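Reader: I would like to know how the words used for a structure follow from its values. Please take me through some cases.

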Amino acid sequence: MNPALINSLLEALPDFANSLCEGLHFVKASDTWFKLSTHIVMTNHIIHSSGFPHKDPVVFLCFHSPSTGVNAWGTASFSHRPVNSSSHTPCLCFPEPERGTAETPSRGRVSVEGGRTLRAPQPPRRRRSQGAGGALTSVARALAPERRLLVLLRRYLSGEEARLRDLTRFYDKVLSLHEDSATPVSNPLLAFTLIKRLQSDWRNVVHSLEASENIRALKDGYEKVEQDLPAFEDLEGAARALMRLQDVYMLNVKGLAQGVFQRVTGSAVTDLYSPRRLFSLTADDCFQVGKVAYDMGDYYHAIPWLEEAVSLFRGSYGEWKTEDEACLEDALDHLAFAYFQAGNVSCALSLSREFLLYSPDNKRMARNVLKYEKLLAESPNQVVAEAVIQRPNVPHLQTRDTYEGLCQTLGSQPTHYQIPSLYCSYETNSSPYLLLQPIRKEVIHLEPYVVLYHDFVSDLEAQKIRGLAEPWLQRSVVASGEKQLPVEYRISKSAWLKDTVDPLLVTLDHRIGALTGLDVQPPYAEYLQVVNYGIGGHYEPHFDHATSPTSPLYRMKSGNRVATFMIYLSSVEAGGATAFIYANFSVPVVKNAALFWWNLHRSGEGDGDTLHAGCPVLVGDKWVANKWIHEYGQEFRRPCSSSPED
């Protein structure tokens, strides 16, 4: 960009910034815009990057104030998009970021002025996911790089402590000279040392490279582990997982922020889970969750999280935490606009006025206040009757209320004493393989027929299966037409294990075949699928059998999935139940047990009552293994019948 053009733009910066609703994002220091001068250092290039909020050119600038010695970094994005001049929808000058971006107006502390912190820019966040949001095992792997970062930070702190001890020694030495008012400067030795300190010692102290060397070592170490860290998509995924748990289990946001898992007021059950140790969220944590929802235009979830962020920021206003990206003004700014977008103009006005108490020179917010006041004056009824914020619609999920209600029971228990046909027994299925070690069988439901086999695998077998699958885990997909696609309603990672991988898998197949009486060898059954669910991992209501003739399941040329055999390879502390929607019951996760049900009637028609879901994991690490058995090969093992009752 032509330097003269930049010069003219910066000279007119205040007016130019006021005239655009989206455009300039400049750092301010002492409430004064720095103008271009000989004291400004500026990069001589323009960066186009998808990591920034706009597709317009972004210019990086460094401003230096000769009077205060403050350096302030900022970016300018020159937008040529027109301002909305419609009289029906006022243009509120709010820097609304594009969805999915990680844009923050300023990051990295430079100086503090009136409780506000100016921060230097950081590189754009990595957008490529490392997979931490798809499986809890991936999240656990993130602990290793953080331990390495802790070692680096400890080294940095040790170096800084030594440097500060040295500075304290210098300070005490000089202070002791000033405290002795009788010290005569006429003493040539004292006069010499005073001149030396002011000409040499203080310069060496102020311009010491030790601090920069310490921080450089920390930054170099961070850069070495950076590629092993979760990407921004993982943070977004984790935030969406918290919102999913909030919805499905009717959790109170304020309770979650305090580390407790409580239902919203009015529920029959309050505490769904009582952790041994409380892990509370900070104001910045809550802001980041709300910001993810805000960027998606989901104000139903954004507002309660931003409200909690505002509440926590208010309680600690004036205190700055190095690791935070946001502050009270940021939270008020986003919450006010979220309320406006949701139709609550009076709340938007109140929050905007509060914002101006902390940042009275913010002209954009001042204009918003005038527009809010005008809207309320034109429609005074809005003060009393504000819009009700609706939860985002989920078009593909028609059974959401039933599904969530079953999940909230955390797994309903069978009532054998009320239904005599439900029973427990030791099962051999007349197989010599099981005579010496029969399996404990619990009939959970009759229509559809669902049974639970307790202790189907041992702890060692479950651990080995998880270990065999872990290196091969990939984002789970579902059949969509003729393709297999990853979707938001199935959050997990899975791997397929052939029986040639380990003799244990052959033994497992023999045990499944003996128990069910079915042929479980390919192509009459699929390979073992091992699934690990991530933070809030779930699988919304679905059928295991194909409901379309174009389904990829038919590529095996062995018919539809006649039965499902699902093994629980781990336990969870809360959540994760298997809910059968139309049959109206749910089965909790029982470690080492296996759940079996028929997907098809004997006529070959799909059983609609087998619509089921994997409830979100509230707390814990859920692993399951699925063995899907197909129609062909079972003709003499499960004979056909024309009766719809069979």
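**From values to words**

Author: In this predicted model, D455 has its place in the loop between strand 11 and helix 15 (459-469).

Reader: What makes D455 count as partly exposed, rather than buried or exposed?

Author: The relative accessibility of D455 is 46%. Buried means under 20% and exposed means over 50%, with partly exposed in between. D455 therefore counts as partly exposed. Phi of D455 is near 50 degrees, a positive value in a residue other than glycine.

Reader: Where is S430, and what is its phi?

Author: S430 is in the loop between strand 9 (424-427) and strand 10. Its phi is near 60 degrees, again positive in a residue other than glycine.

Reader: Why is S430 called exposed?

Author: S430 has a relative accessible area of 73%. Exposed means over 50%, so S430 is exposed.

Reader: How do you know that strand 24 is largely enclosed by the rest of the structure?

Author: Strand 24 covers residues 623-630, and eight of its eight residues are buried, so the rest of the structure largely encloses it. Each of these residues is under the cut-off of 20% relative accessible area.

Reader: Which residues of strand 24 lie on each side?

Author: W623, A625, K627 and I629 are on one side, and V624, N626, W628 and H630 are on the other. All of these are buried, which leaves both faces covered. In a regular strand, side chains alternate between the two faces of the sheet.

Reader: What makes strand 16 and strand 24 a pair?

Author: Two strands pair if there are at least two bridges between them. Strand 16 (residues 528-542) and strand 24 have four bridges, in the antiparallel sense, so the definition is met. One of the partnerships is that of N532 with W623 in strand 24.

Reader: How many bridges join strand 17 to strand 24?

Author: Seven bridges join strand 17 (residues 561-568) to strand 24, and the two run antiparallel. R561 has H630 of strand 24 as its bridge partner.

Reader: Why is helix 9 called roughly antiparallel to helix 10?

Author: Helix 9 (residues 283-295) and helix 10 (residues 299-315) pack at an angle of about 160 degrees, and their axes are 7 Å apart. Angles over 145 degrees count as roughly antiparallel, so helix 9 is roughly antiparallel to helix 10. The crossing of these two helices is left-handed.

Reader: Which residues of helix 9 and helix 10 meet?

Author: In helix 9 they include F287, V289 and Y294, and in helix 10 they include W305, L306 and F313. By class, this contact of helix 9 with helix 10 has 13 nonpolar, two polar and three charged residues.

Reader: Which peptide bonds are called cis, with omega near 5 degrees?

Author: One is the bond from E447 to P448, with omega near 5 degrees. P448 is in the loop between strand 10 (439-445) and strand 11 (450-454). Another is the bond from P522 to P523, also with omega near 5 degrees. P523 lies in the loop between helix 16 (503-516) and strand 16.

Reader: How many helices and strands are there in the protein?

Author: The protein has 16 helices and 24 strands. Of its 646 residues, 46% count as buried. Among contacts between residues at least 6 apart in sequence, 70% join residues at least 24 apart.

Conventions: Residues numbered from 1 in each chain as written. Predicted model: local features only at pLDDT ≥ 70, side-chain atom pairs only at ≥ 80, totals over all residues. Heavy atoms only, no water. Buried < 20%, exposed > 50% of the residue type's maximum accessible area, 1.4 Å probe, protein only. Axes fitted to C-alpha atoms, helices over the stretch in contact; angles between N-to-C directions. Parallel < 35°, antiparallel > 145°, perpendicular 65-115°, else oblique. Left-handed = near helix turned anticlockwise from the far one by under 90°. Contact = heavy atoms within 4.5 Å. Nonpolar A, V, L, I, M, F, W, Y, C, P; charged D, E, K, R; others polar.
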